[in-house]
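Here is a short tour for anyone meeting this protein for the first time. Have a look around, then read on.

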Amino acid sequence: MPQLEKQAIRSSLKASSWDGVFAAIFTSITGGVLLSNFLLQLGASPIEIGMVSSVPMVVNLLQPVGAYLSERTTSRRWYGIWIYAPARLLWLVLVLIIAWNCWHHIESHTLVILTLVMVLITNLMGAFGSASWLSWMAALVPQKLRGRYFGVRNSATSLTNLIGVPLMGLGISVFPGGTIQGYSLFLLLGVVAGLMSLGCQLQMADVNPQQQAVLGNNQSLSATKIKDSNPPPLTGSVEPNFLRFMFYVMCWAFAVNVSAPFFNLYLLDNLGIDVRWVTIYSSLMAGASLLMLVVWGKLADRIGNRPVLVLVGILVALTPLLWLGTGSNFVCVWVWFPLLHLLMGGTNAAIDLCNNNLLMVVAPKNNQASYFGTVAAVAGVGGALGTTAGGFLAEFVEYGGLLGLFALSSVLRLAALLPMMLVQEKRSQTLIQVMRSLLPIKPQFVPIPTLQLVSRSK
């Protein structure tokens, strides 16, 4: 692959940041709290809500197929356009179905099923492009700047969610025709934003997967020669390290998704909190992510992604326990839930950012899209199993219901961090080095005059 000029890289990264902004508007409407509230208004059950959350993870099984197909094309840009444009335009069908419901009443459960089908089809189509997009970004973003760049890009995405989600939630709740019609109007807006994000991708420098594969093979051969002449300090080959990372991703996705899709359900259904409050909480998460992403990106560039994942992962694992004992009282609604969402937004930002960056490091350079697709498929299996298990366990009220599910998720998250302790990352500090740098008090040696030592010996 020819070396891109600095100006081409700079303009591509700027276009990619705008792509993230418009894509954030699209995904916030076609998923998350707005979609969950729409389904709850239709009378969807916790299992059906869990299914909506698990579909994007299940379809990741197709990412290796999408990676295989993308490697046989000659353009990352146009491959993504042909994948994502139909997937986003298809949401217009749901807009038409909701409009049809205004004149010819459709049974609520039928509309739930149609929405589930739409979520499944569009995510199936989108799954074919994810690995190719990540490989495209890996080629455009220099390795030394990945933490900072993706921190800034994700901050822009979080700012969009911070402002957009509560405004759209308010607009849906006060829409004269009702929340269902209000959601259809904003869904139309989301499709337009999704197409605008694809327009930004057209401004990015294209990458030929064929040339990218040749470059990766040459780098692998050079690394093999260096390894034979001067073995690196890390033990084991790249493949076992990649497998350990993949196992961690699967375990972590399962543990997190046992409870993650049901926090909003707990607020909206169990506690009966208005959707406007829930969207404000989601915006607080986005705001915390906005503030912390740049910090996490710079920290990951300095100490490595692995120590950040371990240390912050412990805090993320303990977070579900903080939901125990909550209710719809004044203190929880105005103080505790906002603080919880600030904590979740700040810590989850580190996990998402460092997981992607570490994947780019541990994945072999040749045919990277295939490795990215494999990891996404494994994460999808783990996440879908976690969401499905959480949906069924939430039905057992005698075992604590959703609160018991939160406690179980905390234990599973701590256990899922164990495989990460075995993953190796070049240029990252050890946990001992990081902990020493964090200690506020360090041992200091006080000089003692030689004459004083002699007098003491006498």
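## Three salt bridges

Let's start with charged pairs. Searching the whole structure, which is a predicted model, turns up three salt bridges. As background, side chains of opposite charge can pair when their charged atoms come close.

One of the three joins Asp19 to Arg153, with 3.4 Å between the closest N and O atoms. Asp19 sits in helix H1 (residues 6–30) and Arg153 in helix H8, so this pair ties together parts of the chain that are 134 residues apart in sequence. Are these two partners buried or exposed? Asp19 has a relative accessibility of 2%, so it counts as buried. Arg153 comes in at 8%, and therefore counts as buried too.

## Two more pairs

Glu71 and Arg76 form another salt bridge, at 3.0 Å from N to O. Glu71 is buried, because its relative accessible area is 7% and the cut-off for buried is under 20%. Arg76 is at 1% relative accessibility, so it is counted as buried as well.

Then there is the salt bridge between Asp301 and Arg148, at 3.2 Å from N to O. Here Asp301 belongs to helix H13 and Arg148 to helix H8, so the pair links parts that lie 153 residues apart in sequence. How much of this pair can be reached from outside? Asp301 has 30% relative accessibility, so it counts as partly exposed. Arg148, at 38%, also counts as partly exposed.

## The overall build

Time to step back. What is the protein made of, helices or strands? It has 19 helices and zero strands. There are 458 residues, and 50% of them count as buried.

Contacts across the sequence matter for the picture too. Take the contacts in the protein with a separation of 6 or more: 87% of them come from residues 24 or more positions apart. As for the outside, the protein exposes about 21900 Å², and carbon and sulfur atoms supply 69% of that area.

## Helix H13 and its bend

Helix H13 covers residues 275–303, which makes 29 residues. From its first C-alpha to its last it reaches 40 Å, close to the 42 Å expected at 1.5 Å a residue. Where does H13 bend? The bend is at Met292, and it amounts to about 35°. Right after the helix comes Gly304, which has a positive phi, near 105°.

Helix H8 (residues 146–173) also holds Val152. The C-alpha atoms of Val152 and Leu291 are separated by 9.7 Å, although the two residues are 139 apart along the chain. Val152 has 46% relative accessibility, so it counts as partly exposed.

## Helix H7 and its kink

Helix H7 runs over residues 108–140, 33 residues in total. At 1.5 Å a residue it should span 48 Å, and its end C-alpha atoms are 46 Å apart, so the two values agree. H7 still has a kink of about 30°, centred on Ala127.

Ala138 is another residue of helix H7. With a relative accessible area of 9%, Ala138 is buried, because buried means under 20%. Which residues does Ala138 touch, leaving out those up to four places away in sequence? They are Arg146, Met360, Gln368 and Phe372. Take Met360: it is 222 residues from Ala138 in sequence, yet their C-alpha atoms are 6.8 Å apart in space.

## A buried serine

Back to Asp19 for a moment, this time by way of Ser197. Ser197 is found in helix H9 (residues 179–201). Its relative accessibility is 0%, so it counts as buried. Setting aside residues up to four places away in sequence, Ser197 touches Asp19, Phe22, Ala23 and Arg88. That list includes Asp19, the partner of Arg153 in the salt bridge described earlier.

## A nonpolar patch on the surface

Finally, the outside. A nonpolar surface patch of about 770 Å² is built from Leu322, Phe330, Val331, Trp334, Val335, Trp336, Leu339 and Leu342. One of its members, Val331, lies in helix H15 (residues 330–362).

Note on methods:
Residues are numbered from 1 along each chain as its sequence is written. This is a predicted model: local features need pLDDT of at least 70, side-chain atom pairs count only at pLDDT 80 or more; totals for chains, interfaces and linings use all residues. Side-chain values use heavy atoms; hydrogens and water are left out. Helices (H or I, at least four residues) and strands (E, at least two) are DSSP runs, numbered from the N terminus. The expected span of a helix is 1.5 Å times one less than its number of residues. The bend at a residue is the angle between axes fitted to the seven residues ending there and the seven starting there. Patches are made of residues with over 30% relative accessible area and no salt bridge: like charges are joined within 9 Å, nonpolar side chains (Val, Leu, Ile, Met, Phe, Trp, Tyr) within 5 Å. Accessible areas come from the Shrake-Rupley method with a 1.4 Å probe; for residues, only the protein chains shown count as cover. A salt bridge is a side-chain nitrogen of Lys or Arg within 4 Å of a carboxyl oxygen of Asp or Glu. Buried means under 20% relative accessible area, exposed over 50%, partly exposed in between (1.4 Å probe, protein chains only). Contact means heavy atoms within 4.5 Å.
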